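Colleague: I would like a close look at a single part of this protein, the nonpolar core and whatever surrounds it. Please take me through it in one go.

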Amino acid sequence: MARKCYLSGKRPRVINSVSAADNRTKRRQLPNLQVVRVYDEKTGVYRRRRVSARMMRTLDKKGLLARAPKRVVDAEAKEEPS
């Protein structure tokens, strides 16, 4: 599976790790990918996609991100027996 954001296209970058002695070694910087359910406007269904955390904020703002339903806590279950 590719380490690439489905919507923004973010991919791993190659950066230099710089030591105190200014030695430079290459390393990979991976994007923060999360698997979420995203609404597909063409088909009208939710699909599981790997998107970056930054893109999750954008999708949440536009209302296209599927969230798990909040659990309803019964008031009677919270009360302690007397």
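**The nonpolar core and its surroundings**

Modeller: The largest nonpolar core has 10 residues, namely Cys5, Leu33, Val36, Val38, Val51, Met55, Met56, Leu59, Leu64 and Leu65. Two elements, β3 and α1, each give two or more residues to this core. Please keep in mind that the model is predicted.

The frame around the core comes next. The protein has two helices and four strands, and from the N terminus these elements follow the order β-β-β-β-α-α. Of the 82 residues in the protein, 16% are buried. Among contacts with a separation of 6 or more, 31% link residues that lie 24 or more positions apart. The exposed surface comes to about 7,500 Å², and carbon and sulfur atoms supply 46% of that area.

Helix α1 covers residues 53-62, and its buried residues are Met55, Met56 and Leu59. These three sit on the same side of α1, because they cover an arc of only 105° around the axis. Met55, Met56 and Leu59 are also listed in the core. The face of α1 turned away from the buried side carries Arg54, Arg57 and Lys61, which are exposed. On the buried side, the cover includes β3 (33-40) and β4.

Asp60 also belongs to helix α1. With a relative accessible area of 41%, Asp60 is partly exposed. Between Asp60 and the core residue Val38 there is a distance of 9.7 Å, C-alpha to C-alpha, and the two are 22 residues apart in sequence.

After α1 comes Gly63, which has a positive phi, near 80°. Leu64 and Leu65 are both members of the core. Leaving aside neighbours within four places in sequence, Leu65 is in contact with Val36, Arg37, Tyr46, Met56, Leu59 and Asp60. Of these partners, Val36, Met56 and Leu59 are core residues too, while Asp60 is part of helix α1.

Now the strands that help to cover the helix. β3 and β4 run antiparallel and are joined by eight bridges. They form a hairpin with four residues between them, and in the turn Gly44 has a positive phi of about 80°. In a regular strand, side chains alternate between the two faces of the sheet. Leu33 stands opposite Ser52 in β4, and Leu33 is one of the core residues.

Ser52 deserves a separate word. This serine is found in strand β4, which covers residues 45-52. Its relative accessible area is 4%, so Ser52 counts as buried. Not counting residues up to four places away in sequence, Ser52 touches Cys5, Ser8, Lys10, Asn32 and Leu33. Cys5 and Leu33 are in the core list, so these contacts place Ser52 against two core members, because contact here means heavy atoms within 4.5 Å.

Charged pairs come last among the details. Side chains of opposite charge can pair when their charged atoms come close. A search of the whole structure finds two salt bridges. One is formed by the side chains of Asp40 and Arg47, at 3.7 Å, N to O. Asp40 counts as partly exposed, at 24% relative accessibility, and Arg47 is partly exposed as well, with a relative accessible area of 36%.

The other salt bridge belongs with the remaining strand pair. Strand β1 (residues 13-18) and strand β2 (residues 24-29) run antiparallel, with six bridges joining them. Within this pair, Asn16 has Lys26 in β2 as its bridge partner. β1 and β2 form a hairpin with five residues between them, and Asp22 in its turn has a positive phi of about 65°. The side chain of Asp22 meets that of Arg24 in a salt bridge, at 3.4 Å, N to O. Asp22 is partly exposed, with a relative accessible area of 45%, whereas Arg24 counts as exposed at 53% relative accessibility.

To return to the part you asked about: β3 and α1 are the elements that give two or more residues to the core, and β3 and β4 are included in what covers the buried residues of α1.

Conventions: Residues are numbered from 1 along each chain as its sequence is written. This is a predicted model: local features need pLDDT of at least 70, side-chain atom pairs count only at pLDDT 80 or more; totals for chains, interfaces and linings use all residues. Side-chain values use heavy atoms; hydrogens and water are left out. Buried means under 20% relative accessible area, exposed over 50%, partly exposed in between (1.4 Å probe, protein chains only). Accessible areas come from the Shrake-Rupley method with a 1.4 Å probe; for residues, only the protein chains shown count as cover. Two strands pair if DSSP finds at least two bridges between them. The arc is that of the directions from the helix axis to the C-beta atoms. A salt bridge is a side-chain nitrogen of Lys or Arg within 4 Å of a carboxyl oxygen of Asp or Glu. A nonpolar core is a set of buried Ala, Val, Leu, Ile, Met, Phe, Trp, Tyr and Cys residues joined through side-chain atoms within 4.5 Å.
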